[in-house]
Amino acid sequence: MGLFVEARIRADLDELWAHTQDPAQHRRWDLRFTEIDHLPRAQGEPQRFRYATRVLPFLTVAGTGVSAGERERPDGTRTSALRFASPHPLSLLAEGSGYWRYVPDGDGVRFLTGYDYRPRWGVFGTLADRVLFRPLMGWATAWSFDRLRLWLERGVTPERALVNWLVEIAVRACVVACACTGLGLESLLLLFGPFAASLAYLCPLLLSVAVCVALFASPLSCTPAARRCLRRPPVRTRAPRVLRTLEDPR
């Protein structure tokens, strides 16, 4: 699989399963989707679904998929696999497949995903995917996994977590902007005596420290962050066998 993300979540396995398998819960924490809805199905058939992502206020890209899960496995783990496709001509993602694995681990669960997809738009699409879209998808997946972790571990709702993230980004941006603006103040301080002159020499150092803190300090514990997730599998992984049983959703 081309993309991999893993998060360790201190939560009950059944609770994590419910928050990821129920479309109403899933779309609340997953940044990649605006809508997820199950489609009608016959008894015993894989679950079909429709998903949509609002790219711009006036543009929504939609697609369909099919999924199947293994809730009870001999080793105590659970697996959910899916195939998906979007016929929308403005969707860079043409078709793909992936899986979720739920691995009990002490007082928590290792929740991990692997997925890949085929981009459209020929050579341009392949280049855009490699340079921009694929790194963005990896980041969005990891960020969403950490938002889910905050919800289950600390009771921070997905909506509150998004607000926390936006506020922290805004504060950090303001610190950087103020620091850059203040870098020209030392020349003025030199005009106000020896004490002010000493501040003038310290000013660039203090502002540089402020910028470094704003740019590189760890996010607050109530703010979701992609960096908290594992982005490379520790060992070579295989897609689950149930994935091979799913037909093309188109």
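A nonpolar patch, for my purposes here, is made of residues with over 30% relative accessible area and no salt bridge, its nonpolar side chains joined within 5 Å.

**Entry 1: the valine patch.** With that in hand, I looked for such a patch on this predicted model. I found V163, V167, V171 and V175, which form a nonpolar patch on the surface. Together the four have about 290 Å² of accessible area. I picked V171 to check, and placed it in helix 4, residues 158-182. Is V171 buried or exposed? Neither, as I read it: V171 is partly exposed, because its relative accessible area is 49% and the exposed class needs over 50%. The patch cut-off is over 30%, so V171 clears that one.

**Entry 2: layout.** I went through the secondary structure next and noted six helices and seven strands. From the N terminus on, the order I wrote down is β-α-α-β-β-β-β-β-β-α-α-α-α.

**Entry 3: strand 5 and its partners.** I then turned to strand 5, residues 78-85. How many of its eight residues are buried? I got six, so I call the strand mostly covered, with under 20% relative accessible area as the cut-off for buried. On one side of my notes is strand 4 (residues 59-70), which runs antiparallel to strand 5 and is joined to it by seven bridges. For a marker in that pairing I took A68, whose bridge partner in strand 5 is A81. Strand 6 (residues 93-105) also pairs with strand 5 in the antiparallel sense, over eight bridges. There my marker is R78, with Y102 of strand 6 as its bridge partner. A reminder to myself for browsing the strands: in a regular strand the side chains alternate between the two faces of the sheet.

**Entry 4: whole-chain numbers.** The chain has 250 residues, and I have 41% of them down as buried. About 14300 Å² is exposed, with carbon and sulfur atoms supplying 63% of that area. I also looked at contacts with a separation of 6 or more: residues 24 or more positions apart account for 60% of them.

**Entry 5: how far to trust it.** Mean pLDDT for the chain is 84, and 83% of residues reach 70 or more. Over residues 187-193 the pLDDT is below 50, and I counted seven contacts for this stretch beyond near neighbours in sequence. Residues 195-201 also stay under 50, with eight contacts beyond four places in sequence. Which element has the lowest mean pLDDT? That is helix 5 (residues 186-189), at 47, while strand 1 (residues 3-9) has the highest, 96.

Key: Residues numbered from 1 in each chain as written. Predicted model: local features only at pLDDT ≥ 70, side-chain atom pairs only at ≥ 80, totals over all residues. Heavy atoms only, no water. Buried < 20%, exposed > 50% of the residue type's maximum accessible area, 1.4 Å probe, protein only. Helix = DSSP H or I, 4+ residues; strand = E, 2+ residues; numbered from the N terminus. Pairing = 2+ DSSP bridges. Patch = residues over 30% accessible without salt bridge, like charges linked within 9 Å, V, L, I, M, F, W, Y side chains within 5 Å. Areas by Shrake-Rupley, 256 points an atom, 1.4 Å probe, with all protein chains shown as cover. Salt bridge = Lys/Arg side-chain N within 4 Å of Asp/Glu carboxyl O. pLDDT = per-residue confidence, 0-100. Contact = heavy atoms within 4.5 Å.
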